[in-house]
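Please open the model in your viewer and keep the sequence panel visible beside it. The stops below proceed one selection at a time.

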Amino acid sequence: MASKELNSTDYIEHHLTNLTYGRCPDGTWSFAEVHGKSQVAGTEASCNISEMGFWAFQVDTLFMSVLLGMGMIFFMRRIAKNASSSKPSRVQNAVEYLVTLVRDQVQDNFTADKNPLMGPLALTIFVWVFLMNLMDLIPIDLVPWIANGFAAPNAEGGAIHYFKVLPVADINAPMGMALGVLILIHYYSIKNKGLGGFLAELTFQPYGKWMAPINVIFEIPGFYAKQLALGLRLYGNLFAGEMIFILIALFFGGFFSSVTGVLAGVAGLALNFIWAVFHILVVILQAFLFMVLTLVYLQQAHEHH
Amino acid sequence: MNFNATLFGQLLAFVFFVWFTMQYVWPYILEALEEREKEISDGLEAASRGKRELDEAHLQKAEILEAAKKEAADLVNQANARANQLVEDAKSSAHEEAERIKVSAQSDLDQAAKRTKEELRSEVAALAVAGAEKILGSEIDKDKNSQIIDQIAQEL
């Protein structure tokens, strides 16, 4: 283990790199190049991730989130299709518990006119974000290991050298959802208050219309900060959680090489367990928070001041 | 950490999942839930209504029983009164009959006694005449002395 420091850095960097497919400056589409080789074996990479700029897709993020979302809607659809009021199955009971929880949240937070979008929106957010967050509890090396053909993450031989299993630790996923919420907030604000009313809310408060410039300075950043924070909060919490898992995973590095390595590994196991238990809370809490805050912001978009 | 087109991919997926849930999941589950809630509240209401009806029926039953008892008692009383009446009537009619029989027997008796008296009187008169003939030794002209004889007979 002569180059242990370097290995640790590589390891962390490896776990923070998404599998990216994008358009290079020369106009060709390919997987990204990391450390001089393509992320996917057998493909030609002509540029690295930062050179791709906007036209790049984090394939692992999209794959995992869509996979989990598909699993979610197929499962929910099966329950919904067979939903019976008199003889609910056990799974239906569980889903109904969830739906009741979401419905109560909607009714508590959303006092505006009954909007049929709110329930499904809240349910989707809660379940989907929960499932995506849950990926954090999968041992961090398991999926990259499988993706790389059961070879060590950096080793040659496997097919896909980079694969992040936790979509919410990629800023695009939570911000993509927050962007959806932002669009809804604008849509309902303008729909319910009119464009004038919406703008008046941002300019004529809190000090009346003669202080409009000052009001704008107060209101606009607050209005957008809360919507930005909706996505950043989820990203930050889960990214930090994953970071801790990566750092704990460094303890296992020398497990088979020395006595101290074994001791460190055992300590790492204990830490990993404790952090995972604690993280269950974060996983649920962040999903719940995203849902509730979405409802609260949309409620504000329906309110007249 | 870099923003790129993934953002919009995620947004599209988000929109699709929300749309799907809104279209094919949420209404069905909510319908089952609300239906069950309605069934339960209906059931509870029916139970309380049934209980109320049962209480009412109990009250009604007591009332009917009371009325029936009262009617039965009335009937018995009436029957008793009627029976007494009948006995009373029978008694009085028997009494009357007896009285009537007694009266007619008395009058029969009186008549018989009167007749006997008449017979005895006329016989006594005849005897008296016969006795007087013997005493006088001659015949008394019945036609001549009939006035006397009748007088004697009257005095007897």
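**An exposed residue as the starting point**

Select Leu120(B): with 11 C-beta neighbours inside 10 Å, this residue counts as exposed. The classes used throughout rest on C-beta atoms placed from the backbone: a residue is buried if 20 or more other C-beta atoms lie within 10 Å of its own, exposed if 12 or fewer, and partly exposed in between. This is a predicted model, in which local features need pLDDT of at least 70 and side-chain atom pairs count only at pLDDT 80 or more, while totals for chains, interfaces and linings use all residues. Residues are numbered from 1 along each chain as its sequence is written, and chains are lettered from A and ligands numbered from 1 in the order in which they are written.

**Along helix α1 of chain B**

Leu120(B) is placed in helix α1 of chain B. Helices (H or I, at least four residues) and strands (E, at least two) are DSSP runs, numbered from the N terminus. Now add Ala153(B), which is 33 residues from Leu120(B) along the chain; their C-alpha atoms are separated by 9.6 Å.

Next, select Pro27(B), which also belongs to helix α1 (residues 6-136) of chain B. Pro27(B) is partly exposed, having 16 other C-beta atoms within 10 Å. Draw a distance from its C-alpha atom to that of Ala83(B): the two residues are 56 apart in sequence and 81 Å apart in space.

**Chain A as a whole**

Colour chain A by secondary structure. Nine helices and five strands should appear, and in sequence order they follow the pattern α-β-β-β-β-α-β-α-α-α-α-α-α-α. The C-alpha atoms of this chain fill a box of roughly 70 × 55 × 40 Å along the principal axes. Of its 305 residues, 36% are buried. Two residues are in contact if their C-beta atoms, placed from the backbone, lie within 7 Å. Among the contacts in chain A with a separation of 6 or more, 64% join residues 24 or more positions apart.

**The three-stranded sheet**

Select β1, β2 and β5 of chain A. They form an open sheet in the order β2-β1-β5, with antiparallel pairing. Its edge strands are β2 (29-31) and β5, each of which pairs on one side only. Two strands pair if DSSP finds at least two bridges between them.

- Strand β1 (residues 20-23) of chain A pairs with β2(A) over three bridges in the antiparallel sense; Arg23(A) has Trp29(A) in β2(A) as its bridge partner.
- β1(A) is likewise joined to β5(A) by three bridges, the two strands running antiparallel; here Gly22(A) stands opposite Ala56(A) in β5(A).
- Between β1(A) and β2(A), which form a hairpin, lie five residues; Gly27(A) in the turn has a positive phi of about 95°.

**Helix α5 and the nonpolar core**

Move to α5(A). Why is this helix described as largely enclosed by the rest of the structure? Of the 17 residues of α5(A), 15 are buried, so the helix is largely enclosed.

Select Phe126(A) next. Ala122(A), Phe126(A), Trp128(A) and Ile29(B) touch the most other members of the largest nonpolar core, which has 78 residues. A nonpolar core is a set of buried Ala, Val, Leu, Ile, Met, Phe, Trp, Tyr and Cys residues joined through C-beta atoms within 7 Å. Leaving aside residues up to four places away in sequence, Phe126(A) touches Val102(A), Ala287(A), Phe288(A) and Met291(A).

Then select Leu289(A), which lies in helix α9 (residues 259-302) of chain A. Leu289(A) is partly exposed, with 17 other C-beta atoms within 10 Å. It is 163 residues from Phe126(A) in sequence, yet their C-alpha atoms are 8.6 Å apart.

**Where the chains meet**

Finally, display both chains. Contacts link 44 residues of chain A with 30 residues of chain B. On the side of chain A that touches chain B, at least two residues each come from α2 (49-52), β5 (56-58), α3 (59-81), α4 (90-109), α5 (118-134) and α7 (172-203). The most are given by α3(A), with 12 residues.
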